[in-house]
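Got your viewer open? Here is a short tour, stop by stop, with something to select at each one.

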Amino acid sequence: MQLFFLCFSLLFSFSIKADSLWSLDHGDTSLTKYSVNNKKLSISFGKGESPTKDWRERYRKLKEKGQKIENYPFQWKLVELESGKMLSQSKTLDKLFYGASTTKIMVGSAFLQTVDNAYSSKYFQDLLNMIVVSSNPAWRTVQYATGGDNMERGRLEVHSFTQHLGLTRTRAFWGYSSTMNGLHGNEINVSEFTEFMQKLYRGEFYGSELIFKIMLSGQKGYDMAKRFLPTDVMIANKGGRYDGPTTNPDTGRRTNPDGSNFTVRVRHQALILRYDQKDYSMVIFSDLGKEIDLSVMAYGLFKEHIISQ
C-alpha cells in the first residue's frame with residue numbers, strides 16, 4: 001500500500017510540474033512582457049489548416065520508406081513523455097543530418113549555464129530572437145557570449161554541454177572548431193535529439209524550463225509540422241531549413257566522390273506538444289526538401305498515435 005501511494009505521489013508531482021510548464025510564467029517574470037520583432041510573446045498552437053486531399057497516401061509512403069529503407073533521408077520518433085513510451089519511430093534513428101537552426105535551442109541551453117540571471121544579461125534579447133524567430137545573427141552572438149565573448153570558446157562550451165548530457169554524436173555548435181581538429185558543428189540525429197527533448201522537458205539541466213517556455217512562445221515557429229495540427233494543441237518547438245552546401249557528416253568532406261559539392265535540402269522540426277492533458281515529443285528530420293512532408297508526417301502521427309488513444 002505504501003508503495004502504491006509513493007508511486008501515485010511521484011506521478012502526481014510530475015503531473016503538477018508538467019502542467020506548470022505550459023504557461024509563459026517563469027519565476028517572478030512572464031515572457032509575455034517581452035517582444036520579438038515588435039510582437040508580444042504568446043503561446044504557440046497548431047495552425048489548424050485543412051490537410052491536403054492526398055495526405056493519407058503521402059503519410060503512408062513516408063512511413064513505409066522510413067521504416068524499411070536503411071538511412072532513408074527522412075527519420076522521426078514520437079514519444080509519450082510521462083511514461084517514456086515510444087509510439088512510432090523510423091528505422092535509422094542514428095542517421096546523421098545537418099542540423100540547420102534546430103541546434104539553436106542547444107546553443108541557448110549552453111549559454112544559460114554561463115549566466116546567473118538570464119533576464120539581466122545583455123544578451124537576453126538575442127536569446128529570444130535566436131529561438132523565437134530563428135535569427136542567425138543572434139545565433140552567432142549567443143554562441144560568442146557563451147564563450148565569454150570568444151567564438152571558439154563558445155564552440156567548446158556548447159560542445160562540452162551536449163557531451164555532458166551524453167549526446168556523444170551531436171555537434172550543436174555553429175561553425176568549425178579551430179581547436180578540435182577542425183571539427184564540423186551542427187550535426188544531429190533523431191535518437192540523441194529526442195533524448196535532449198526529454199531532458200529539456202523533465203528539467204534535467206539548468207535553464208531547461210526557460211528554454212522550453214521560449215520555444216513555447218515561438219512566432220515564426222517553422223509552421224511545417226504545425227500546419228495541420230489542431231488549434232487546441234499547444235506546441236513548444238524549434239525547426240530548421242537550409243538548402244545548400246555543407247560538410248557530409250558521414251565522410252567529413254564538403255565534396256561528393258565525383259568532386260561536386262555536397263549539398264542538403266534540410267527541413268527539420270522538433271516539437272513538444274500537449275493534447276488532452278498529455279505531453280508528447282515529436283522529432284522529424286528530413287533531407288527531402290519538402291515542407292509538406294513534415295506537415296503530413298506530424299498530422300499522420302497525431303491522428304494515428306495521439307488522438308486515437
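What covers the buried residues of H4? Before you look, keep in mind that this is a predicted model.

**Stop one: helix H4**

Select residues 124-132, which make up helix H4. Now show what surrounds that helix: the cover over its buried residues includes strand S3 (35-36), helix H3 (104-112), helix H5 (136-146), helix H8 (208-216) and S9. Seven of the nine residues of H4 are buried, so the rest of the structure largely encloses this helix. To see them, pick Phe-124, Leu-127, Leu-128, Asn-129, Met-130, Ile-131 and Val-132. Step just past the end of H4 and you'll land on Ser-134, where phi is positive, at about 60 degrees.

**Stop two: the cores**

Keep Leu-127 selected and add Phe-193: these two have the most contacts inside the largest nonpolar core, a set of 56 residues. Leaving aside residues up to four places away in sequence, Phe-193 touches Thr-102, Ile-105, Met-106, Ile-188, Ala-270, Val-283 and Phe-285. Apart from this core lies another, of 29 residues, with Met-224, Leu-294, Met-297 and Tyr-299 among them. As background, nonpolar side chains in soluble globular proteins tend to be buried together.

**Stop three: the rings**

Time to colour the aromatics; the structure holds 16 aromatic pairs. Start with Phe-97 and Phe-285, an edge-to-face pair at 5.8 Å centre to centre, with 70 degrees between the planes. This pair ties together distant parts of the chain, 188 residues apart: Phe-97 belongs to strand S7 (residues 97-98) and Phe-285 to strand S11 (residues 278-286). Are these two rings buried or exposed? Phe-97 has 3% relative accessibility, so it counts as buried, and Phe-285 is buried at 0%.

For a stacked pair, go to Phe-196 and Phe-205, which sit 5.6 Å apart centre to centre with 20 degrees between the planes. Both of these residues are buried too. Now put six residues on screen together: Phe-97, Phe-161, Phe-193, Phe-196, Phe-205 and Phe-285 form one aromatic cluster. Before leaving, add Lys-95, which lies over the face of Phe-97 at 5.2 Å from the ring centre.

**Stop four: the sheet**

Switch to cartoon and follow S11 into an open sheet of five strands, ordered S6-S5-S11-S10-S9 with antiparallel pairing. Which strands are at the edges? They are strand S6 (85-89) and strand S9 (234-245), each pairing on one side only. Ignoring direction, neighbouring strands of this sheet are turned by 10 degrees against each other on average.

Zoom in on strand S5 (residues 74-80), which runs antiparallel to S11 and is joined to that strand by seven bridges. For one facing pair, select Leu-78 and Met-282: Leu-78 stands opposite Met-282 in S11.

**Last stop: helix H2**

Select residues 55-68 to bring up helix H2, which lies across S5 and S6 and runs at about 95 degrees to S5. Within H2, pick out Glu-64. At a relative accessible area of 36%, Glu-64 is partly exposed. To finish, draw a distance from the C-alpha atom of Glu-64 to that of Pro-230: the separation is 25 Å, for residues 166 apart along the chain.

Terms used
Residues are numbered from 1 along each chain as its sequence is written. This is a predicted model: local features need pLDDT of at least 70, side-chain atom pairs count only at pLDDT 80 or more; totals for chains, interfaces and linings use all residues. Side-chain values use heavy atoms; hydrogens and water are left out. A nonpolar core is a set of buried Ala, Val, Leu, Ile, Met, Phe, Trp, Tyr and Cys residues joined through side-chain atoms within 4.5 Å. Buried means under 20% relative accessible area, exposed over 50%, partly exposed in between (1.4 Å probe, protein chains only). Contact means heavy atoms within 4.5 Å. Rings of Phe, Tyr and Trp (its six-membered ring) pair if their centres lie within 6.5 Å; planes under 30 degrees apart count as stacked, over 60 as edge-to-face and the rest as tilted. Helices (H or I, at least four residues) and strands (E, at least two) are DSSP runs, numbered from the N terminus. A charge sits over a ring if NZ of Lys or CZ of Arg is within 6 Å of the ring centre and within 35 degrees of the ring normal. Two strands pair if DSSP finds at least two bridges between them. Axes are lines fitted to C-alpha atoms, for helices over the stretch in contact, and angles run from 0 to 180 degrees between N-to-C directions.
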